[in-house]
Amino acid sequence: MESTHHRFFLGGRDLEMVEIAALLREAGLGERIVDAGLAWGARASDHAGAVERALAAGETPVLIELLDDLPVEIDRRRLVEIDHHGARAGHGRPTSLEQIFDLVGRPAGLTWTRRRALVAANDRGHAGAMRALGANPEEIRAIRDADRAAQGIGPEVEAESRRAIDAARRAGPLLVVETSAPTSSAIFDRLLPEYGGPGTDDVLVEMPQIWAFSGDGRVIADLSTTPECWYGGDLPERGFWGAPRAAWTREELVERILALLPPIARTDE
């Protein structure tokens with residue numbers, strides 16, 4: 001089906017979503033973008049009225065990183081779902097940016113640039129995946145800075161994230177960070193050696209409403225059964241996981257993670 005028959009519904013805003021919108025505009029499809037400025041955790045129902053109008057007009061809605069909670073009466077064969085989280089995540093699996101490039105960018109003769117490669121790598125595997133592409137520290141910081149900016153992370157959250165890192169505690173190989181900020185992105189970034197951090201492998205962040213873990217893929221595979229959780233990354237080796245705070249007590253979650261980390265690493269520092 002020609003891309004001019006598609007209508008593109010954007011999910012939660014981050015650097016990858018910004019790059020997807022730029023790619024669509026470069027392909028001449030800017031007028032077919034529906035962007036409601038959504039945050040992470042966006043659902044298809046956030047675009048429900050526009051999706052129904054697109055279907056009524058004979059168009060094919062392309063749902064980009066949107067949880068499908070549309071009415072069951074809608075024929076899913078009329079939709080295109082683009083995502084790389086949950087069951088679609090993993091090393092070698094295409095990111096949402098790569099899927100959109102294959103859908104519209106390649107047919108339009110666009111170029112898969114180094115920036116797009118870095119943005120895709122960042123979204124799949126954070127700094128580690130960018131390093132695997134040969135990215136230098138300046139490139140990694142530029143991509144991560146742009147990603148946090150796209151998420152709307154400002155100076156107050158950056159400052160709180162630095163304070164939280166200073167107050168973090170160790171539980172064996174696990175670094176536990178408690179923050180009043182609603183996002184963990186700046187914490188994970190400030191721990192990177194590219195930002196002068198220690199490069200910690202396994203990190204659990206406790207926020208007011210959610211948990212976030214970044215690290216060993218075995219932990220994520222186990223925690224992926226948590227109700228209402230989300231996960232992704234460069235699995236099965238490494239990735240990220242998040243869940244509502246109510247899903248776990250701090251003690252239970254830390255104990256569970258420590259039981260899953262490699263025994264050889266379990267020595268208190």
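**Exercise 1. Which residues of H9 are buried?**

Before the solution, some conventions. This is a predicted model, in which local features need pLDDT of at least 70, side-chain atom pairs count only at pLDDT 80 or more, and totals for chains, interfaces and linings use all residues. Residues are numbered from 1 along each chain as its sequence is written, and side-chain values use heavy atoms, with hydrogens and water left out.

Solution.

Step 1. Fix the terms. Buried means under 20% relative accessible area, exposed over 50%, and partly exposed in between (1.4 Å probe, protein chains only). Helices (H or I, at least four residues) and strands (E, at least two) are DSSP runs, numbered from the N terminus.

Step 2. Apply them to H9. Its buried residues are Leu 253, Val 254, Ile 257 and Leu 258. These residues lie on the same side of H9, because they cover an arc of only 130° around the axis (the arc is that of the directions from the helix axis to the C-beta atoms).

Step 3. Turn to the other face. Glu 251, Glu 255 and Ala 259 are exposed and sit on the face of H9 turned away from its buried side.

Step 4. Recall the helix geometry. An α-helix has 3.6 residues a turn, so residues three or four places apart point the same way.

**Exercise 2. Describe the sheet on which H9 packs, and the contacts of the helix.**

Solution.

Step 1. Order the strands. The open sheet has six strands, E5-E6-E7-E8-E10-E9, and its pairing is mixed. Two strands pair if DSSP finds at least two bridges between them.

Step 2. Find the edges. Strand E5 (169-171) and strand E9 (230-232) each pair on one side only, which makes them the edge strands.

Step 3. Give the twist. Neighbouring strands of this sheet are turned by 15° against each other on average, direction ignored.

Step 4. Place the helix. H9 (residues 250-260) packs on the sheet and touches E5, strand E6 (174-178), E7, E8 and strand E10 (238-244); contact means heavy atoms within 4.5 Å. The direction of H9 makes about 155° with that of E6. Axes are lines fitted to C-alpha atoms, for helices over the stretch in contact, and angles run from 0 to 180 degrees between N-to-C directions.

Step 5. Narrow this to the buried residues of H9. They pack against E5, E6, E7, E8, E10 and helix H8 (217-223).

Step 6. Look at one strand pair. E7 (residues 202-206) and E8 (residues 210-216) run antiparallel and are joined by four bridges. Val 205 stands opposite Ala 212 in E8.

**Exercise 3. Trace the four-stranded sheet and describe the burial of E3.**

Solution.

Step 1. Order the strands. The open sheet runs E2-E1-E3-E4 with parallel pairing. Its edge strands are E2 (33-34) and E4, each pairing on one side only.

Step 2. Go through the pairs. Two bridges join E1 to E2, and Phe 8 stands opposite Ile 33 in E2. Four bridges join E1 (residues 6-9) to E3, with Phe 9 opposite Leu 63. Three bridges join E3 to E4 (residues 80-82), where Ile 64 stands opposite Ile 82.

Step 3. Assess E3. Five of the five residues of E3 (residues 60-64) are buried, so this strand is largely enclosed by the rest of the structure. Thr 60, Val 62 and Ile 64 point one way from E3, and Pro 61 and Leu 63 the other way.

**Exercise 4. Locate the salt bridge partners of Arg 114, Glu 160 and Glu 206, and state how accessible the residues are.**

Solution.

Step 1. Set the cut-off. A salt bridge is a side-chain nitrogen of Lys or Arg within 4 Å of a carboxyl oxygen of Asp or Glu. The whole structure has 27 salt bridges.

Step 2. Take Arg 114. Its side chain meets that of Glu 139 (2.9 Å, N to O). Arg 114 lies in helix H4 (residues 114-132) and Glu 139 in helix H5 (residues 137-150), so the pair ties together parts that are 25 residues apart in sequence. Arg 114 counts as partly exposed at 40% relative accessibility, as does Glu 139 at 23%.

Step 3. Take Glu 160. Its partner is Arg 163 (2.8 Å, N to O). Both lie in helix H6 (residues 155-166), three residues apart, about one turn of the helix. Glu 160 counts as buried at 14% relative accessibility, whereas Arg 163 is partly exposed at 41%.

Step 4. Take Glu 206. Its side chain meets that of Arg 250 (2.7 Å, N to O). This pair links distant parts of the chain, with Glu 206 in strand E7 and Arg 250 in helix H9, 44 residues apart. Glu 206 is buried at 5% relative accessibility; Arg 250 is partly exposed at 27%.
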